[in-house]
Structure formats: structure tokens, C-alpha cells
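Hi,

Here is the structure I promised to pass on. Have a look, and my notes follow underneath.

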Amino acid sequence: QFEGAIFLIRNPFHSIVSEWNRKLAKKHLGEADNSHIKTAGKEAFGTNPGWRRSVISLLQRWKLMVINYVIKSLDHPILIVYYEDLKRNVMKEMKRMLHFLDFPFSTTDMHRTMLSGFDQFHRNHSDEFEHYTEDQIQLINGVINWVIDSVHERVQKDKEIHIGHFKSYLR
């Protein structure tokens, strides 16, 4: 039994690409082999059958996480932490999380955490291109809009949840 939860969420457009790369690289760090791009070309990447299946299944997983951890957890307080905010301002977001958990901390502890290499777990993005077809963008935007509407209902009950970031995920 828990009294509350921290829910870390990432833009689904980025999380799908990230999970695709993680699967292809077969490890958490490092870049995926680009052979899947070279076979079809960047222009046709979105039509790759494996990619199309992954978009649908990973988007469904993203939606289910929001349903289960944000929408259905009405009985418990929840702190939504947006991955993009965490990357942009680790100290501020860590303080928010520790405060939510009612966990004592000092500024010195926070600085030690940052000095320990907290930010080393990211892939390099050397070859960015549009992964999604127009249909896939519309599908993902539809799910994001559904999430905005569904979370908005919860916001009426819990003023701590801010849905503004979900809107920024739309393309």
C-alpha cells in the first residue's frame, strides 16, 4: 500500500524514439545501429513495418501508464514530473520530489548528487530526422488530446496536477 506516487512522464514522440533506439542498441546507453534507417532511407522510415508496430504498441503503453498512474489513482496524491523539466532543471525537480516525499535534504546533499555524475545517462543525438508519418503524428496527437481531457477531469479534484506540459507535446 502506498500513500502517494511520483509519476515521471516524457513526451510520447520522444519516448517512442528513445525506446526504439534502446531496443535496437540492446543497451541503455549508446546509439542504435542506423542500418534500419539505411535500408529504407530517412524519407521512408515512418513506413517501416517494425517501426509502425512499435509506434502503436509503445503509444498504447504510454497511454496505459497515464491511465493507471494519473487518472485511476484518485485516492492518492500524485506528483507529475515531466522528464523535460527534470533534464532542464534537475535541482528544482529533485527538490520538488523530495519535498513531496517529505524527505529531509540539504543543499549540500543536492550538490553532491549533481557532482556524482547524475547527468551522464543520456544518448547522443547525432542524426536527428522526422521519424513519424503524418498519420502517426495525428494518432499520437489524438492520444495526447485524450490524455489532456482525461487528466483535466482529475485536475478538478487535485489542483497539484498541471496539464500545460501535455499540451506542449502536441505537434
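Let me start on the outside: Ile6, Leu101, Phe103 and Phe105 make a nonpolar surface patch of about 370 Å². Phe105 sits in the loop between α5 (90–100) and α6 (107–115), and with a relative accessible area of 33% Phe105 is partly exposed. Keep in mind that this is a predicted model.

Now the overall picture. The protein has eight helices and two strands, and along the sequence they come in the pattern β-α-α-α-β-α-α-α-α-α. Of the 171 residues, 41% are buried. The accessible surface is about 10,700 Å², and carbon and sulfur atoms hold 54% of that. Among contacts with a separation of 6 or more, 75% are between residues 24 or more positions apart.

Next, the aromatics. There are four aromatic pairs in the structure. In one of them, the ring centres of Phe13 and Tyr132 are 5.2 Å apart with the planes at 85 degrees, so this pair is edge-to-face. Phe13 belongs to helix α1 (residues 12–25), while Tyr132 is in the loop between α6 and α7 (134–155), so the pair ties together parts that lie 119 residues apart in sequence. Phe13 and Tyr132 are both buried.

Tyr132 also pairs with Trp51, this time in a tilted arrangement, 5.4 Å centre to centre and 50 degrees between the planes. Because Trp51 is in helix α3 (residues 49–71) and Tyr132 in the loop between α6 and α7, this pair ties together parts 81 residues apart in sequence. Trp51, like Tyr132, is buried. Put the ring pairs together and you get a cluster of Phe13, Trp20, Trp51 and Tyr132.

There is a charge over a ring too: Lys63 lies over the face of Trp146, at 4.5 Å from the ring centre.

On to the salt bridges, of which the structure holds four. Which residues does Glu19 link up with in a network of salt bridges? The partners are Arg22 and Arg61. With Arg22, the closest N and O atoms are 2.6 Å apart, and both residues lie in helix α1, three residues apart, about one turn of the helix. Glu19 counts as buried at 14% relative accessibility, whereas Arg22 is partly exposed, at a relative accessible area of 34%.

For Glu19 and Arg61, the closest N and O atoms of the salt bridge are 3.7 Å apart. This one links distant parts of the chain, with Glu19 in helix α1 and Arg61 in helix α3, 42 residues apart. Arg61 is partly exposed, with a relative accessible area of 45%.

Another salt bridge joins Arg88 and Asp85, with 2.7 Å between the closest N and O atoms. Both are in helix α4 (residues 83–88), three residues apart, about one turn of the helix. Is each of these residues buried or exposed? Arg88 counts as exposed, at 62% relative accessibility, but Asp85 is buried, at 15% relative accessible area.

One last spot to click on is Glu153, which is in helix α7. With a relative accessible area of 54%, Glu153 is exposed. From Glu153 to Ile71 the C-alpha to C-alpha distance is 8.5 Å, with their positions 82 residues apart in sequence.

Cheers

How values were computed: Residues numbered from 1 in each chain as written. Predicted model: local features only at pLDDT ≥ 70, side-chain atom pairs only at ≥ 80, totals over all residues. Heavy atoms only, no water. Helix = DSSP H or I, 4+ residues; strand = E, 2+ residues; numbered from the N terminus. Buried < 20%, exposed > 50% of the residue type's maximum accessible area, 1.4 Å probe, protein only. Contact = heavy atoms within 4.5 Å. Areas by Shrake-Rupley, 256 points an atom, 1.4 Å probe, with all protein chains shown as cover. Patch = residues over 30% accessible without salt bridge, like charges linked within 9 Å, V, L, I, M, F, W, Y side chains within 5 Å. Salt bridge = Lys/Arg side-chain N within 4 Å of Asp/Glu carboxyl O. Phe/Tyr/Trp six-rings, centres within 6.5 Å; stacked < 30°, edge-to-face > 60°. Lys NZ or Arg CZ within 6 Å of the ring centre and 35° of its normal.
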